[in-house]
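Reader: I've got a protein model open and I don't really know how to read it. Could you walk me through it, one feature at a time?

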Amino acid sequence: MAHRTTPPGGKWWGYGYPGDAPPVEDGWTGDVWPINDIGKAQFCRSSWAGYQSVRWAGHRVRLSAGPALSRKRRFPWSLLRPALPVTSTLPLSRLAAVRHRSLVAFAGMAGVPATLSASAAQIGGFLSKKPYAPPSWATHLSPMPSHTFSLGHFPTPIHMWNLPNLPEGTEVWIKRDDLSGMQLSGNKVRKLEFLMADAVAQGADCIITVGGIQSNHCRATAVAAKYLNLDCYLILRTSKLLVDKDPGLVGNLLVERLVGAHIDLVSKEEYGKIGSVALADLLKKRLLEEGRKPYVIPVGGSNSLGTWGYIEAIREIEQQIQRSADAQFDDIVVACGSGGTIAGLALGSRLSSLKAKVHAFSVCDDPEYFYDYVQGLIDGLQSGLDSHDIVSIENAKGLGYAMNTAEELKFVKDIAAATGIVLDPVYSGKAAYGLLKDMAGNPAKWKGRKILFVHTGGLLGLYDKADQLSPLAGSWRRMDLEHSIPRKDGTGKMF
């Protein structure tokens, strides 16, 4: 347990033990050892309310019993985030048992990097930091990541998708990256596994990223940051009419604000004039002046490092196909919003045994913009390939980013009702709409093809479309009851 007090001179000092031992006066007792890749000033408390540890100046202060009790050291708590004091009356004789239970609770606690505890690796490895070994066919790419954090639930399933009105002999299968998690879900998780590992390696204590007001990427980043005990700063783009108002708690915003993300709003006009890079740099400069150590993740997590997320996804698909000898895909179809996902899929598919043709449906910028952007990403990995040779990009933005026609929303509703697959209206909904529209107009192009559609998640974005979807949603009625129906008791009070 850690306490804090104000000794003579008025500066904060801290002290503590594992478990619930009584405090010692005017200092803390423990030993110190280096922590790989971490240098942020922060301390963590387990849900058991016993064990506390402190990270300070690149070291973790391990509050421990035994011989270390004879050593007292101090450090200024003003460098740390404030903590609620923990009080206890447990005697020292119970320290050993308390310590064991506290360490177990600490190891399994979300919000603490699991790499710092051997117990985490023994319980499945979620949130653990792992050395990264690339697929054999990608070892020539450079730079190569050294580590990843395990943030998603992989592999995600692949199954047949019984879409209506397909061309003759055409099969569509679906890769369910929408099932990679709940609050931390979708295609962004794969990128964040690499990006967050790099942030921790650089000693960051907070993350900055940028996106739209209902950005799935920003929500996923906020959750991932909190899992790893990092603050998150989100620059969110909204309309000029709403930029000075409370953004509310709808969809992704609800999760972001629940996990404590710091939100800065900018208007679409300001965003267009200044750009995402300059906005992030401005916030980074301010945080540096405050003594913070920010790490900037670009829009959508789409840089060359983030591209490894979907290079790794291709290896996952390869392995899934190898376990199902009759499955081989001619095409991969996916939405494109920032470019990193299609860069990884296209590069991986070309280099691996998969060799499927990648089709991207752009939901914001024009295809030529994305050909150029993807080229920059794969050049950053020294691939030696041309983006035009490895991916086909078509325009599916319709009215614009995150804007939908009534026909597009009806399509999302009809697909959900027909197949049970709920598409988000911003990304996968527009991509699937564009795919089936192209199949209807060019059936020979798709005849007899076996297609893998990658569902990139984004379910929470549907809540922002509730008013538009309301007229399309399933019907309801009040149940017609006859007053003469006798009651039959069930097994509980509710039955």
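Author: Sure! Let's begin with a definition: two strands count as paired if DSSP finds at least two bridges between them. Keep in mind too that this is a predicted model.

Reader: Okay, so in which sense do strand E12 and strand E20 pair?

Author: Strands of a sheet pair through backbone hydrogen bonds, either parallel or antiparallel. Here, E12 (residues 171–176) and E20 (residues 450–455) run in the parallel sense, and six bridges join them. To see one such bridge, find Ile 174 and look across to its partner in E20, Phe 453.

Reader: What is the strand order in the open sheet of six strands?

Author: Going across, you meet E11-E12-E20-E17-E18-E19, and the pairing is mixed. Strand E11 (158–160) and strand E19 (391–395) have a single partner strand each, so they stand at the edges with one side lacking a neighbour in the sheet. Ignoring direction, neighbouring strands here are turned by 25 degrees against each other on average.

Reader: Which helix packs on this sheet?

Author: That's H9, residues 340–351. Helix H9 touches strand E17 (331–336), strand E18 (357–362), E19 and E20. Its direction makes about 165 degrees with that of E17.

Reader: There's another open sheet, with four strands. What is its order?

Author: Read across it as E15-E14-E13-E16, with parallel pairing. Strand E15 (262–267) and E16 are the edge strands, each pairing on one side only. The average turn between neighbouring strands of this sheet is 25 degrees, direction ignored. Now zoom in on E14 and E15: they pair in the parallel sense over six bridges. Arg 237 stands opposite Val 266 in E15.

Reader: Let's switch to side chains. How many salt bridges are there?

Author: First, the general idea: side chains of opposite charge can pair when their charged atoms come close. A salt bridge needs a side-chain nitrogen of Lys or Arg within 4 Å of a carboxyl oxygen of Asp or Glu. By that rule the count is 15.

Reader: Can you show me one? Why does the pair of Asp 231 and Arg 292 tie together separate parts?

Author: Their side chains meet in a salt bridge at 2.9 Å, N to O. Asp 231 lies in strand E14 (residues 231–238), while Arg 292 is in the loop between helix H7 (276–289) and strand E16 (294–296), so the pair ties together parts 61 residues apart in sequence.

Reader: Are those two residues buried or exposed?

Author: The cut-off for buried is under 20% relative accessible area. Asp 231 counts as buried at 12% relative accessibility, and Arg 292 counts as buried at 18%.

Reader: Now Arg 449 and Asp 331: where are they in the chain?

Author: Arg 449 sits in the loop between helix H14 (443–446) and E20, and Asp 331 is in strand E17, 118 residues apart. Their side chains meet in a salt bridge of 2.8 Å, N to O. Arg 449 is partly exposed at 28% relative accessibility, whereas Asp 331 is buried at 2%.

Reader: And what is the N to O distance for Lys 397 and Asp 366?

Author: In that salt bridge, the closest N and O atoms are 3.2 Å apart. Lys 397 is in the loop between E19 and helix H12 (406–419), and Asp 366 is in the loop between E18 and helix H10 (367–379), 31 residues apart. Lys 397 counts as partly exposed at 25%, and Asp 366 is partly exposed at 40%.

Reader: Which residues are linked in a network of salt bridges?

Author: Look for Lys 175, Asp 177, Arg 190 and Glu 316.

Reader: What about the cysteines? How many disulfides does the structure hold?

Author: Zero. For a disulfide, two cysteine sulfur atoms must be within 2.5 Å. For Cys 206, the nearest cysteine sulfur, that of Cys 232, is 8.9 Å away. Cys 206 is buried, with a relative accessible area of 0%. For Cys 364, the nearest cysteine sulfur belongs to Cys 336, 6.4 Å away. Cys 364 is buried too, at 15%.

Reader: Let's zoom out. How many helices and strands are in the chain?

Author: There are 15 helices and 20 strands. Of the 495 residues in the chain, 52% are buried. The accessible surface comes to about 23500 Å², with 54% of it belonging to carbon and sulfur atoms.

Technical notes:
Residues numbered from 1 in each chain as written. Predicted model: local features only at pLDDT ≥ 70, side-chain atom pairs only at ≥ 80, totals over all residues. Heavy atoms only, no water. Helix = DSSP H or I, 4+ residues; strand = E, 2+ residues; numbered from the N terminus. Axes fitted to C-alpha atoms, helices over the stretch in contact; angles between N-to-C directions. Contact = heavy atoms within 4.5 Å. Buried < 20%, exposed > 50% of the residue type's maximum accessible area, 1.4 Å probe, protein only. Areas by Shrake-Rupley, 256 points an atom, 1.4 Å probe, with all protein chains shown as cover.
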